[in-house]
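Subject: Structure handover

Hello,

Here is the structure I promised you. Please open it first, then read my notes below.

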Amino acid sequence: MYTQALDTEGRQPAAAGAADALTERFQARIDAEERIEPKDWMPDAYRHTLVRQISQHAHSEIVGMLPEGNWITRAPTLKRKAVLIAKVQDEGGHGMYLYSAAETLGTARAEMVAQLLAGTAKYSSIFNYPTLTWADVGAIGWLVDGAAIMNQIPLCRCSYGPYARAMVRICKEESFHQRQGFEIMLTLARGTSAQRAMAQDALDRWWWPSIMMFGPGDADSKHTAQSMRWKIKRFSNDELRQKFIDITVPQAHFLGLTIPDPELHWDEASQHYRFGPIDWDEFNAVLKGNGPCNRERLAARRAAHEAGGWVRAAAAAHAEKARRRTS
């Protein structure tokens, strides 16, 4: 979709005297809200930032299939099973779009996948938590996909064209995922006392990891300022986190559930909800591979990659046969 007829025109090193002028012209295009395309000249740092962000996003979509995929065989009804299968399939498709977008920057998909399997590439920390009950599937749709939408809608206006275009379809599908999750939580919240307790328990466990999804606070974020200057990002981590909380708290009230934050309160002066301190030690531990399911997630991906080796080999052989017939 994004990788046809690409060359390395935009990757040619500039002469020392011309580099500053090229950089100024590049930033002027960004400031003028022009889209950067794969063949355009771009600073190496811009390219590297995009490869890091887009590949991590792709990894997150692929690893994110695992927590909910765990419930496909145990969904409570056939309808729920069919919807969940469709959702997990969507996430796999999102990963493919994003790997394709990253490939336009000159990085091979096989290299990105190898980095994921080796444990040297990051993915969203949220997927290193277990899905213990059916309510967790609802909480992931409502909270995790809700946080993802908050992050991703501004990416539709990202300065890099292939990434922005990929995000248009992804955001449409994620909005469906969020509504599906909220509907599960609503059904449970209006059900028996045991079902309401299950929904509250899921909210208790997923609330804080969900608001950690936006990344470290602005003062501690290494990449936010430059990414915003390049208009890869449009809002800071803390701005997005605050917007998510302001939107989600009234939804919890509608469900009749309690946000697990005793310090949460509405601040009339700022017209925002104020919330308690985030446990960044937990966040950093999960990022370093010490979360509840880090090892399990990577082991599952490695096993799937190994098991699918014959499919990749067959596809490559078929492509080679087709090439020979047409040459």
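Gln-200 sits in helix α8, residues 193–212. Helices here are DSSP runs of H or I with at least four residues, strands are runs of E with at least two, and both are numbered from the N terminus. Gln-200 counts as buried because its relative accessibility is 19%. The cut-offs are these: buried means under 20% relative accessible area, exposed means over 50%, and partly exposed lies in between, with a 1.4 Å probe and protein chains only. Setting aside residues up to four places away in sequence, Gln-200 touches Leu-257 and Thr-258. A contact means heavy atoms within 4.5 Å.

Two notes on the source. This is a predicted model, in which local features need pLDDT of at least 70 and side-chain atom pairs count only at pLDDT 80 or more, while totals for chains, interfaces and linings use all residues. Residues are numbered from 1 along each chain as its sequence is written, and side-chain values use heavy atoms, with hydrogens and water left out.

Now the whole chain. It has 13 helices and two strands. Its radius of gyration is 21 Å, which agrees with the value near 20 Å for a compact globule of 327 residues. That radius is taken over C-alpha atoms, and the globule rule is 2.2 Å times the number of residues to the power 0.38. Along the principal axes, the C-alpha atoms fill a box of roughly 65 × 55 × 35 Å. Buried residues make up 48% of the 327. Take the contacts between residues at least 6 apart in sequence: 78% of them join residues at least 24 apart.

Next, the core. Nonpolar side chains tend to be buried together in soluble globular proteins. A nonpolar core is a set of buried Ala, Val, Leu, Ile, Met, Phe, Trp, Tyr and Cys residues joined through side-chain atoms within 4.5 Å. The largest one in this chain has 81 residues, and Tyr-46, Ile-54, Tyr-160, Tyr-163, Trp-206, Trp-207 and Phe-244 touch the most other members. Helix α7, residues 161–189, gives the most to this core, with twelve residues. Look at Tyr-160 too. Not counting residues up to four places away in sequence, its contacts include Arg-35, Pro-38, Tyr-46, Ile-54 and Leu-105.

Ser-175 also lies in helix α7. At 23% relative accessibility, Ser-175 counts as partly exposed. Its C-alpha atom is 19 Å from that of Lys-79, and the two residues are 96 apart along the chain.

Where is Met-112? Met-112 is in helix α5, residues 109–118. Met-112 is buried, with a relative accessible area of 0%. Leaving aside neighbours within four places in sequence, Met-112 is in contact with Ser-55, His-59, Tyr-99, Ala-102, Glu-103 and Thr-107. The C-alpha atoms of Met-112 and Ala-58 are separated by 9.3 Å, with their positions 54 residues apart along the chain.

Last, the backbone. Most residues other than glycine have a negative phi. Lys-231 has a positive phi, near 60 degrees. Lys-231 lies in the loop between α9 (224–229) and α10 (237–255), and counts as buried at 17% relative accessibility. Gln-271 also has a positive phi, near 60 degrees. Gln-271 lies in the loop between β1 (265–267) and β2 (272–274). At 41% relative accessibility, Gln-271 counts as partly exposed.

Best wishes
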